[in-house]
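Take a look at the fold below. The walk-through starts with overall figures, then follows the chain through strands, helices and loops.

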Amino acid sequence: MVEKMKGIPDDPQYSVVLLEGSTALCDVINNHIYEQTLAEKNAFFVADLGVIIRQHVRWRTHMTQIRPYYAVRCNSSPGVIEVFAALGTGFICTNKFELELVQSCGIPSEDIIYSGVCKQVSHIKHAAKNGIDFLVCDNEAELRKIARCHPSAKLLLQVSTEAFSLEEEMSMTFGCTLKDCRHLLESAKELGVQVVGVRCHISSSCEDVQLYVHAISDARSVFDMGVEVGFNMNILNIGGGFSSSESRLEQINGAVMSMVDLYFPSSAGISVIAEPGSYFVSSAFTLAVNIIAKQMVARDHQSHGCDEPLSDDEPDFQYYMNEGVYGSFASKLTETLIAAPSVHKNTAVDVPVFSSSLWGPSGDDLDLVVEHCLLPEVNVGDWLVFSHAGAYILGQPVSSSTDASPPPVYYIISSRDWFEMQDAGVPHEALLKNFSLVPYHFSSCQTKAALSVPA
């Protein structure tokens, strides 16, 4: 029988397990699956904080002149916020919940930007009361609301670039146009509200690096307008749209830095920032879910959207999981593609695979997580593991058709990452100061037992 990992506290939310020796992420997942199989079979996350640290090192390597402001709405789990607090990043918050969360970690108010597009009056007043002066604004109604509730605010005008891809044109866009910027700047001047910079709106689905080029060019025009009106413009926020890929980061850097050097040279004293979110956390999280129901359905070739040969005498399967779009897969509601999971059980190399769809527990037609994937046949009680599960999954609670609590997060960090973090100049006292660090060693026999547990 597998023993419980020594030292793991009852509340995993405020502990980080230090992986020593040859212990790996898969060992931790195996152990928790074993424990849940013997208990309630609840879904859970495992978060490797070392991945976030390595992504931060890559950012500093490729985007040296651009300070990251972490987009909290991407993933607001406590361990993530603690790591970024220790790394000295800024924070982008969209509501009072996120503002309070970040400030509870001791983040200075000058390192926080309140960026919600449509802000509640009570949230604006909360920002004013707590000295959070940097706010984003993109229309006159919002400007007048800020002028009433937070007259000492320092605004970043959110500007929508005039160059859109087809995908952008078909979706909702945010930000004022260049045509509207001068009027908004003049209105801010009349109301006595400071405008200190520009925030470029770049979609998280952006694939064309030229959008950054156009956005920075547009920002230069807005800066010139602001100076003409009488503002001291000194902050350029190039926005988000960063994936977890290092090659993608290099592409953006190549396109952005030449434009920044051209329009915003370092001699001008402009602070250049950006809003990476999924870039930092997407690959750091793994989600394990349990199969709670299974259904064999009639084959429909039209619904597969694939060209692989399928035999008519082979079944299709619908699997229902204990997490869906009203929980950990909420990003699916915004058309985010969820990658197919792996099956957590020992299977032969040549095991047959079947067309499968994966659903959440609600029974709702919208609760479709993965429309089509090829999986070996699994049974009720088996486990599926989703990698790259860190973006837009852990934030404020979403409405759910179940009363289940959000899955727990088990934080880990390898001893190598831990010591490299301290070698980089981040002392132990600064990193995860509200968490306990729990060292342990995981034996290979535990791994084997975890993989062989019965459903």
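**A guided walk through the model**

Contacts in this protein are mainly long-range: among those with a separation of 6 or more, 73% link residues 24 or more positions apart. The model is predicted. The chain has 455 residues, and 52% of them count as buried. Its secondary structure amounts to 13 helices and 18 strands. The accessible surface is about 20,500 Å². Carbon and sulfur atoms own 51% of that surface.

Start with a loop. Lys-41 sits between helix 1 (25–37) and strand 2 (44–48). Its phi is positive, about 60°, although Lys-41 is not a glycine. Lys-41 is partly exposed, because its relative accessible area is 21% and the buried class ends under 20%.

Next comes helix 2. At its start, a side-chain oxygen of Asp-48 comes to within 3.0 Å of the backbone nitrogen of Gly-50. Does the length of the helix fit its residue count, and what are the numbers to compare? Helix 2 covers residues 49–62, which is 14 residues. At 1.5 Å a residue the expected span is 20 Å, and the end C-alpha atoms are 20 Å apart, so the two agree. Which residues of helix 2 are buried? They are Leu-49, Gly-50, Val-51, Ile-52, Ile-53, Gln-55, His-56, Trp-59 and His-62. Recall the geometry here: an α-helix has 3.6 residues a turn, so residues three or four places apart point the same way.His-62 also takes part in a long-range contact. Glu-246 touches both Arg-58 and His-62, leaving aside residues up to four places away in sequence. Glu-246 belongs to helix 10 (residues 246–263). Glu-246 is partly exposed, with a relative accessible area of 34%. Its C-alpha atom lies 9.0 Å from that of Tyr-279, which is 33 residues apart from Glu-246 along the chain.

Now return to the strands. Strand 3 (residues 67–71) pairs with strand 4 in the parallel sense, over three bridges. Tyr-70 has Phe-91 of strand 4 as its bridge partner. What links the two strands into a unit? Helix 3 (residues 78–87) does, and the resulting β-α-β unit is right-handed. Helix 3 is mostly covered, with nine of its ten residues buried. Those buried residues are Pro-78, Gly-79, Val-80, Ile-81, Glu-82, Val-83, Phe-84, Ala-86 and Leu-87. Just after helix 3 comes Gly-88, with a positive phi of about 80°.

Strand 4 covers residues 90–93. Is each face covered or open, and which residues sit on it? Both faces are covered. Gly-90 and Ile-92 are buried on one side, Phe-91 and Cys-93 on the other. Strand 4 also runs parallel to strand 5 (residues 112–114), joined by three bridges. Here Cys-93 has Tyr-114 of strand 5 as its bridge partner. The chain gets from strand 4 to strand 5 through helix 4 (residues 96–104), in a right-handed β-α-β crossover.

Further along, strand 6 (residues 134–137) pairs with strand 7 in the parallel sense, over four bridges. Leu-135 has Leu-155 of strand 7 as its bridge partner. Helix 6 (residues 140–149) carries the chain from strand 6 to strand 7, and this β-α-β crossover is right-handed. Why can strand 7 (residues 154–159) be called largely enclosed by the rest of the structure? Five of its six residues are buried. Strand 7 pairs with strand 8 (residues 194–200) too, in the parallel sense and over six bridges. In that pairing, Lys-154 has Gln-194 of strand 8 as its bridge partner.

Two later loops complete the tour. Ala-298 lies in the loop between strand 11 (285–297) and strand 12 (316–321). Is Ala-298 buried or exposed? Ala-298 counts as exposed, because its relative accessibility is 67% and the exposed class begins over 50%. The C-alpha atoms of Ala-298 and Pro-315 are 6.8 Å apart, with their positions 17 residues apart along the chain. His-388 lies in the loop between strand 16 (383–386) and strand 17 (409–414). Phi of His-388 is positive, near 50°, and this residue is not a glycine.

Conventions: Residues numbered from 1 in each chain as written. Predicted model: local features only at pLDDT ≥ 70, side-chain atom pairs only at ≥ 80, totals over all residues. Heavy atoms only, no water. Expected span 1.5 Å × (residues − 1). Buried < 20%, exposed > 50% of the residue type's maximum accessible area, 1.4 Å probe, protein only. Polar contact = N/O pair within 3.5 Å; in protein donor to acceptor, adjacent residues only side chain to side chain. Contact = heavy atoms within 4.5 Å. Areas by Shrake-Rupley, 256 points an atom, 1.4 Å probe, with all protein chains shown as cover. Pairing = 2+ DSSP bridges. Right-handed = clockwise from strand over helix to strand, strands pointing away.
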